[in-house]
Amino acid sequence: MTPEIKNLDGEKADDGVGAAAAPPAAGTSHGHGKGAKNKLSLVPLIFLIFFEVAGGPYGAEPAVQSAGPLFALLGFLIFPFIWAIPEALVTAELSTAMPGNGGFVVWADRAFGPVSGSLMGTWKYVSGAINGAAFPALCADYLARVVPAVAGGGARVATIVTFNVALSLLNYTGLSVVGWSAVALGVASLSPFVLMTGVALPKIRPHRWGATAGDKDWKLFFNTLFWNLNYWDSVSTMAGEVENPGKTFPTALMASVGMTSLGYLLPLMAATGAVDAPPEQWGNGFFADAAGMIAGDWLKYWIEVGAVLSSIGLYSATLSSAAFQLLGMADLGLLPRVFALRAPIFNTPWVSIVVTSLITLGMSFFSFNNIVTAANFLYSLGMLLEFATFIWLRIKRPEMSRPYRVPLRLPGIVVLCLVPSGFLVFVMAIAGWKAYAISAIFTAAGLGVYYLMKFCKARGFLKFGTVDGEGLMYERHQESANVGV
């Protein structure tokens, strides 16, 4: 039996509305934006992906500290091929095949049903919110190096709150503004490393690249690589806001992989080759000290300012992807319709932005030692489900239109997914019991939210669905009916 399609007010739609509710053709926008002026073009999308993942080589120093220059350079040379490129390829294919907001939530929902979609949403949202919450505090820490008064007390709290509110307002003005802001921030945060690399060239002694740490901390090493090169799929939650996603997404993802990988590797080669410093000195922030040794204090201070600008870009990009994820989940009926409400002028999901901002602001004042490890664990669960979704849709939906298709047959894509999946299992295995407990609590909470939303929907306690969302839910239920589920 064909389900009844309803409009935004819950009234039965006429035939015209019902026809409009059918899912759009692959490779086109999902109809969420109002006008091309708010759409993301190629260059802003490249830099948004860059900030979703890295924001520059800030934070890569512990890889040298934990294992030495040799393993750090090998790690940032090899890891993109076994992790970043596979994740980017999967994201490119699925984002162009299902170019609606919500990204990985839509994919899991389409492959395995709404429970899987809701769990994917929980795992990725919690991980992203924890990741985003670190950046206001990180910004305050870097500012404290220049302005010691913000190191603690009320000044630090005011700095974090101001950071959060200002960037929430920036996100409210639209993804086009956020995207071009990311371009400016990216150029400003990377430029001191370009200069450092150039100045360091005549001072490099290649034999220094072969040094290793005496007491290696492999857990810190692999977690550093993982933390600095993940979240390639986060931009998929904004696929409905991208111009011509069938062509723009693959190009932007591959360009970002190259820019991000070189953005880590070249500064590491320059600093480890030009500065004679033991691995134990390479704690967080050592790039600034290395720049001072190579070129002088002026470059040291520039890199510290660049770190602040990078934190701004990282938080803004993370907030955008998390907010549009909530919008996509509302479109699917997994969350109440209020999360899909858009601002009248800027057409941004203002409720989702406010909710995400408040969550990250609250988390900014917590200690992250155990919860960040749990965030990695939850992200790993989501990625394992994502790889399973990719393979399952290739098997069960071979006829699905894929404007970009990973040029591998089924055995090839299984290998493509198994290699990074093995690393994910390794990261989860070394997480520790506290991460397991925190992750179990969030997973149980996610299931609880799903069944609570299902109960509220059945009883009519909350309003669910939008015009686009009804189209997605209509297709999901129709597919289930066709296979006898």
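Here are three short exercises on the predicted model shown above.

**Exercise 1: the overall picture**

Work out what the fold is built from and how much of the chain is buried.

*Solution.* Start with secondary structure: the protein chain has 17 helices and 0 strands. Next, look at burial: 56% of its 485 residues count as buried. Then check the contacts with a separation of 6 or more: 83% of them involve residues 24 or more positions apart. Finish on the outside, where about 19200 Å² is exposed, with carbon and sulfur atoms supplying 68% of that.

**Exercise 2: two salt bridges across the sequence**

Find which parts of the chain the E93–R402 pair ties together, then do likewise for D233 and K124.

*Solution.* The structure holds 7 salt bridges. Take E93 and R402: their closest N and O atoms are 3.0 Å apart. E93 sits in helix α4 and R402 in the loop between α14 and α15, so the pair ties together parts 309 residues apart in sequence. Both residues are buried.

Now D233 and K124, whose side chains meet at 2.3 Å, N to O. D233 is in the loop between α9 and α10, while K124 is in helix α6, 109 residues away. Buried means under 20% relative accessible area, so D233 at 0% qualifies, and K124 at 5% does too.

**Exercise 3: a mixed pair**

Decide whether E399 and R397 are each buried or exposed.

*Solution.* First, confirm the salt bridge: the side chains meet at 2.8 Å, N to O. E399 has a relative accessible area of 56%, which makes it exposed. R397 comes in at 18% and is buried. Elsewhere, salt bridges with shared partners join E93, R394 and R402 into one network.

How values were computed. Residues numbered from 1 in each chain as written. Predicted model: local features only at pLDDT ≥ 70, side-chain atom pairs only at ≥ 80, totals over all residues. Heavy atoms only, no water. Helix = DSSP H or I, 4+ residues; strand = E, 2+ residues; numbered from the N terminus. Buried < 20%, exposed > 50% of the residue type's maximum accessible area, 1.4 Å probe, protein only. Contact = heavy atoms within 4.5 Å. Areas by Shrake-Rupley, 256 points an atom, 1.4 Å probe, with all protein chains shown as cover. Salt bridge = Lys/Arg side-chain N within 4 Å of Asp/Glu carboxyl O.
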